[in-house]
Amino acid sequence: MSYRLTVLGTGYLGATHAACMAALGFEVIGLDVDPVKVARLQAGELPIHEPGLEELLQQGLASGRLRFTTSYQEAAEFGDVHFICVGTPQKKGEYAADISYLDAVVESLAPHLTRECLVIGKSTVPVGTAQRLADKLARLSPAGDLVELAWNPEFLREGFAVRDTMHPDRIVLGVVSEKPEKVMREVYESMLAEGTPLIITDYPTAELVKVAANAFLATKISFINAMAEVCEAAHADVKDLSLALSFDERIGGRFLNPGLGFGGGCLPKDIRAFMARAGELGADQALTFLREVDAINMRRRARMVDLARELAGGSFRGCTVGVLGAAFKPNSDDIRDSPALDVAVNIREQGGKVTVYDPVALDNARMAHPALGYGRSALEAAKGAHVVLLLTEWQEFIDLDPEKLGEVVAARKIVDGRNALDAETWRAAGWHYRALGRP
Ligand code: UGA
């Protein structure tokens, strides 16, 4: 049988999941409580920048298999499988995650569930949440035992969301009975047919796999950035160090790029929520190292500002700074906890005149930080600059011609915050080139 699916919450994760499931041939309803978002999606307009996703959305709508609603009743009547995809942001002034959106979904959906169905949690949550939500579902659903919860964490990366959803590395499913596996094997049939491993486990393990994965990735990035600090002190070159490490297959080169460190809506808040949850469970000692991972990461931003100030001659007063990049990483317009904007704002607060350019994140940046200056191109942002900072490694910046850029700046000084440029080429063009962790 072909199951009918709903996706509850149409942010990054939900919009991607809904469009991809429709592309796989399922009938899908996407639900969001925000009527403006629903209207835009229903009109085929994607509110975020994600390569390939808008096309999938439009194809889904045109095929008649995909539509969007704000009605929980409609979703409940329609769906055999309901995917929960709402966000779990960091609470204000606390490390813990705010899981109120998840509770709201369950409280809104459950009273309408009058027939057999599966509810699949995909959001990143503190361990223990699934069991609590399962109890709540059982209490609030008229269909009682016929409604079952399973946990299926999502590992997609922004910028590669479609590919990661259609061809995941692995599928993890946390269950308390055998039924969800049978259903989900059919829903994810195309992925399983490609040989994608399926790991069936209990709720808490499934929840932990996700935060453990993000904690590992964050640790790997902060490890190489800690090495960058030592390299700076020892006049060594962290880029060569990282390259040499990468050939050891046990270490591997991915997520070993030294630079400005991690940002975004996931890694920073997930490691903090993980520490907070471990504390509640009495296992805080096990994760004290994540405090250091976080601290190393934040120090990179401060070091970037220091290096820029050094090149500016000791002070930002009267200094024009051209900033290349606003998104937290390339191929995304997401500026949540963006290291690039953090640095830009900090320099402005210290008296610098900052002009930012980003290929797709400019509107978001302008909305969040109206006091910063903005340019319409890399050349415009760099115009008259005493120092240029590369803070997000967009291909467009890697491809910049140092000669052309050199013609518009006030001084040929650049700090490569992502170790993305070829130092020799830039130095040969007369630039004073500096990078984090390199001589
Ligand atoms: C991350 C994880 O990679 C996904 O597997 C996970 O599903 C997702 O969080 C999530 O929890 O939803 P994402 O936030 O899209 O994905 O971005 P990443 O590609 O992981 O990059 C995170 C940050 O690390 C970026 O700011 C990037 O610039 C930085 N980074 C990455 C480095 O500084 N060095 C590296 O070597 C790699």
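The following exchange concerns one buried acidic residue, one helix and the nonpolar cores of a predicted model.

Local features in this predicted model need pLDDT of at least 70, and side-chain atom pairs count only at pLDDT 80 or more, whereas totals for chains, interfaces and linings use all residues. Residues are numbered from 1 along each chain as its sequence is written, and side-chain values use heavy atoms, with hydrogens and water left out.

Visitor: Which side chain of opposite charge is nearest to Glu-50, and how far away is it?
Guide: Glu-50 is buried (under 20% relative accessible area, 1.4 Å probe, protein chains only). It has no salt bridge, a term for a side-chain nitrogen of Lys or Arg within 4 Å of a carboxyl oxygen of Asp or Glu. The nearest side chain of opposite charge is Lys-329, at 7.3 Å.

Visitor: Which backbone nitrogen does the side chain of Glu-50 reach?
Guide: Glu-50 sits in the loop between helix H2 (35–42) and helix H3 (53–63), helices being DSSP runs of H or I with at least four residues. Its side chain also reaches the side chain of Tyr-12 at 2.5 Å. The backbone nitrogen, at 3.1 Å, is that of Phe-160.

Visitor: Within what arc do the buried residues of H5 fall?
Guide: In helix H5 (residues 100–109), the buried residues are Leu-102, Asp-103, Val-105, Val-106 and Leu-109. They line one face of the helix, because seen down its axis they fall within an arc of 155°.

Visitor: Which helix gives the most to the largest nonpolar core?
Guide: This core has 52 residues, of which Ile-347, Val-388 and Leu-389 touch the most other members. With six residues, the helix giving the most is H14 (residues 339–349).

Key. Helix = DSSP H or I, 4+ residues; strand = E, 2+ residues; numbered from the N terminus. Buried < 20%, exposed > 50% of the residue type's maximum accessible area, 1.4 Å probe, protein only. Lys, Arg positive; Asp, Glu negative; His and termini not counted. Polar contact = N/O pair within 3.5 Å; in protein donor to acceptor, adjacent residues only side chain to side chain. Arc of directions from axis to C-beta. Core = buried A, V, L, I, M, F, W, Y, C linked by side-chain atoms within 4.5 Å.
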